[in-house]
Structure formats: structure tokens, C-alpha cells
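Hello,

Here is the structure I promised to pass on to you. Have a look at it first, and then read on for my notes on what turned up in it.

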Amino acid sequence: MSVSGLLGKKVGMTQLYDSKGEVRPVTVLQAGPCVVTQLKSLLSDGYDAAQVGLVEFVKDSRLTKAMKGHFAKNNLPPVKLMKEFAIEVEDDGSTGVKVGDKVLVDLFDGTKFVDISGTSKGRGFAGVVKRHKFAGGPAAHGHMFQVQGSIGASSFPSRVFPGQRMSGHMGDVTVTTRNLRVLGVDKDENLLVVEGAVPGHRNGYVVISKAKKPPRERRGFSGEGTAVNPLKASKRAAKGK
Amino acid sequence: MSYSPIITRLLAKAQRTDLPTFAVGDTIKVHVKIKEGDKERVQIFEGIVIKKREGAQPSFTVRKMSFGQGVERIFPQASRIVEKIEIVRSAKVRRAKLYYLRALRGKAARLKEVDRVK
């Protein structure tokens, strides 16, 4: 299977102990089961991608006729959510992906880091202290404490510059957290356990994909997809180290 | 905090099954792995179990008197720093949490010993 990611749901956070006895904050994700619902190709669409759908119970009346036709074309189960993912081409040029293929959490076997996108928790109309981390004023002696102060000069320029940070709607936007370390894969229950927090509330839908830019190799650490810099390697070889 | 059933099952899988079952009031020896630099050694913490926390993430608290000073240590049951546990003796207790031992010293802090069927 060579799709770069799949869809899932945030279950919640907890703590797990690693082999050293240290506690790790982890997020448990329900990853999949997913199914490939359509293949986009260079010839017909201008790019290669796989449309992947999350298989979850959907009420029949919630589906449009267009959606039903889309699923009936390839005898697919109705899916709740669909998203396109890049296809990884293997060495022999084949992709090994066809419509109707299952995409399961075993996709992340051997993957060290993943990127996770979700919709962040909505904060409503938030003030500047919460929204932009303004310091606020002194809390006592008759002061206002959650206000921003001045928003510019006087008769010149007689206007507020664009981009001035003010209060407004906060949250409920798509947020991607990159390079979350994969701590475990549970194939029986389709669970993925990653270290750290994931955007969004519990039961929120998330897009899980293999890390686009995994951390570079450091001393005693080997991340996935770490490329050796050929320039530095040749210099090192010339030095005779 | 209540966990979703999925996390409860996941945590149940992460629990250790190799530790013996003991009860509140038991005196136990906890063999704790201690890392110093790159060397590892085992230290024994011996005391009375004054509390057991049940649920998805169980833990237990062991209390001992160390040079006249009460010392309590909380061990998470899933943690790997506990190498093994030995049960030294069991006692008859009428409480689930033996916090009253904190106020007692010397002879008053003794518990009535019983032979528990192993």
C-alpha cells in the first residue's frame, strides 16, 4: 500500500510509560478504516492522487444522489469523509493502489513521525489577551486588565494600519501539527498512538499523513527519510575521516 | 477523569501482569531500578502500602519511616522502573486508605499481622 496517509478521529489523551519508565503524554487516534474511493491520474486530472474515504456509519438520508452514484460505481461502502492523498510511486513505477483498496493503520508500520491536521477548538469572539497573547494591564487599583491600550498614533496617520492585532474570532480553523512521534500501532482496533497533542476536540476528525519534513539526523538519532548531504559527505571523505 | 472505552482498553493492555497482588496494609519490598549515568542498579524501598488507586491507571503508595522521617512513594502500576515486588507480611486493616498512620509514630503505628492465604 502506498498512499501517504489516511483519515481518522481523535479519541483522547492519556499517559503511557516507556521502557525507561518515563511517562509520555500521548494522543490516541482512531485511524481508519479507510477505503480508496477514486484515483486521480495525470492524464485525466493533471495530477496523481488517491481519494480516500473514512468508513463510518452514515445515515442513508444524509447522502446526496451524486455521492450515492459515486460509491455505487465501484461498489464501495458509504463513507463519511473524503480527502485526497498523494500516491507513493514504488521503484518499478507501479503504485499498487486501486479503487476499493482498504487503507488501514498498518500504513504507519515503521513510520517514526506523522503530520496531523485537525480543526482546532473554537474559542468564539476572543479578546486580545487570549487571542494574541497580549500582556494586558495591571490587575488591581482600578485598572482595566484585559485591554490592549493604544492602537496607533493620532492625526498622522489618522487611520489604523492594516494587520493591527485586535479581538475577534479565534479557533475553529484547520491546524497542522508536524512531526508527532509514533509510539504505537494497534491493528486490531485501528489505533494510532502518537506523542504529544493533536489539534481539535475529542471525536474530531483528523487527517493523518506521513511526516513531510521529518527531523534531520542528529547525534545518536536517526529519523525517517534523513538524507545524507552529498556535499558534506564528499568533504568528509576528502579529509579522510 | 473518565476515559473513553477505547483508551481504557489500551491502558489495560499496557498494565503489567508480572507483579504479585497485594493489599492495603501489607508490608512490601519494591525493587526500584535506578539509573546513574549509564549504570543501572536496584534499590529496595520497603514499607506499608497505605493506598491503592484502582481504575484505568492504577497506582499504589508505600510509606516507610526513614531515620524518624516519614517517606511516602507513589508507584504507577504500569511503570517499568519497578523490577519486582516482594510481600514481607500482611496485616489486618479496616480502612481502604491508611492515612491515619501519618499521625502515628513508633509502637502506635503498628498493624495487627495476619497470615493471608497466598
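**Chain A**

Of the 241 residues in chain A, 34% are buried. Please keep in mind as you read that this is a predicted model. The secondary structure of this chain comes to four helices and twelve strands. Contacts that reach far along the sequence are well represented: taking the contacts in chain A with a separation of 6 or more, 70% are between residues 24 or more positions apart.

Which residues have the most contacts inside the largest nonpolar core? They are A:I116, A:L192, A:V194 and A:I208, in a core of 27 residues. Many strands of chain A feed into this core, with at least two residues each from β1 (5–17), β2 (23–31), β3 (34–40), β4 (49–55), β7 (113–119), β10 (174–186), β11 (191–195) and β12 (205–210).

If you would like one residue to click on there, try A:L192. Once its neighbours within four places in sequence are left aside, A:L192 is in contact with A:T27, A:V28, A:L29, A:A31, A:V105, A:F108, A:V182, A:G184, A:V185 and A:I208. Another core, of 13 residues, lies apart from the largest one, and its members include B:F22, B:I28, B:V30 and B:F75. I come back to two of those residues below.

**Backbone details in chain A**

A few spots in the backbone deserve a look. The peptide bond joining A:F156 and A:P157 is cis, with omega at about 5 degrees. A:P157 belongs to the loop between α3 (128–132) and β9 (168–170) of chain A.

That loop between α3 and β9 also holds A:K133, which has a positive phi of about 60 degrees although it is not a glycine. A second non-glycine residue with a positive phi is A:N190, at about 55 degrees, and you will find A:N190 in the loop between β10 and β11.

Are these two residues buried or exposed? A:K133 has a relative accessibility of 72%, which is over the 50% cut-off, so A:K133 counts as exposed. A:N190 has a relative accessible area of 14%, under the 20% limit, and therefore A:N190 is buried.

**Chain B and its aromatic rings**

Chain B has one helix and six strands, in the order α-β-β-β-β-β-β from the N terminus on. Its C-alpha trace spans about 45 × 40 × 30 Å along the principal axes. Of the 118 residues in chain B, 33% are buried. For the contacts in chain B with a separation of 6 or more, residues 24 or more positions apart account for 55%.

The search for aromatic pairs covered the whole structure and found three over all chains. In one pair, B:F45 and B:F75, the ring centres are 6.1 Å apart and the planes meet at 70 degrees; that angle is over 60 degrees, so the pair is edge-to-face. The two rings come from distant parts of the chain, 30 residues apart: B:F45 is in strand β2 (residues 39–53) of chain B, and B:F75 is in strand β4 (residues 69–76). Both partners are buried, B:F45 with a relative accessible area of 8% and B:F75 with 1%.

Ring pairs also join B:F45 and B:F75 with B:F22 and B:F60 into a cluster. Two lysines belong in this picture as well. The charged end of B:K52 sits over the ring of B:F22, 4.7 Å from the ring centre, while the charged end of B:K64 sits over the ring of B:F45, also 4.7 Å from the centre.

**Where the two chains meet**

Finally, the interface. Contacts between the chains involve 18 residues of chain A and 16 residues of chain B. Together the two chains bury about 1300 Å², and 62% of that is on carbon and sulfur atoms. A:T14, A:Y17 and A:E189 supply 35% of the area that chain A buries against chain B, more than any other three residues.

How many salt bridges are there between chain A and chain B? The count is three. In one of them, the side chains of A:D186 and B:K13 meet at 2.6 Å, N to O.

Happy browsing, and best wishes!

Notes
Residues numbered from 1 in each chain as written. Chains lettered and ligands numbered in written order. Predicted model: local features only at pLDDT ≥ 70, side-chain atom pairs only at ≥ 80, totals over all residues. Heavy atoms only, no water. Phe/Tyr/Trp six-rings, centres within 6.5 Å; stacked < 30°, edge-to-face > 60°. Buried < 20%, exposed > 50% of the residue type's maximum accessible area, 1.4 Å probe, protein only. Lys NZ or Arg CZ within 6 Å of the ring centre and 35° of its normal. Core = buried A, V, L, I, M, F, W, Y, C linked by side-chain atoms within 4.5 Å. Contact = heavy atoms within 4.5 Å. Buried area = accessible area lost by both parts, 1.4 Å probe. Salt bridge = Lys/Arg side-chain N within 4 Å of Asp/Glu carboxyl O.
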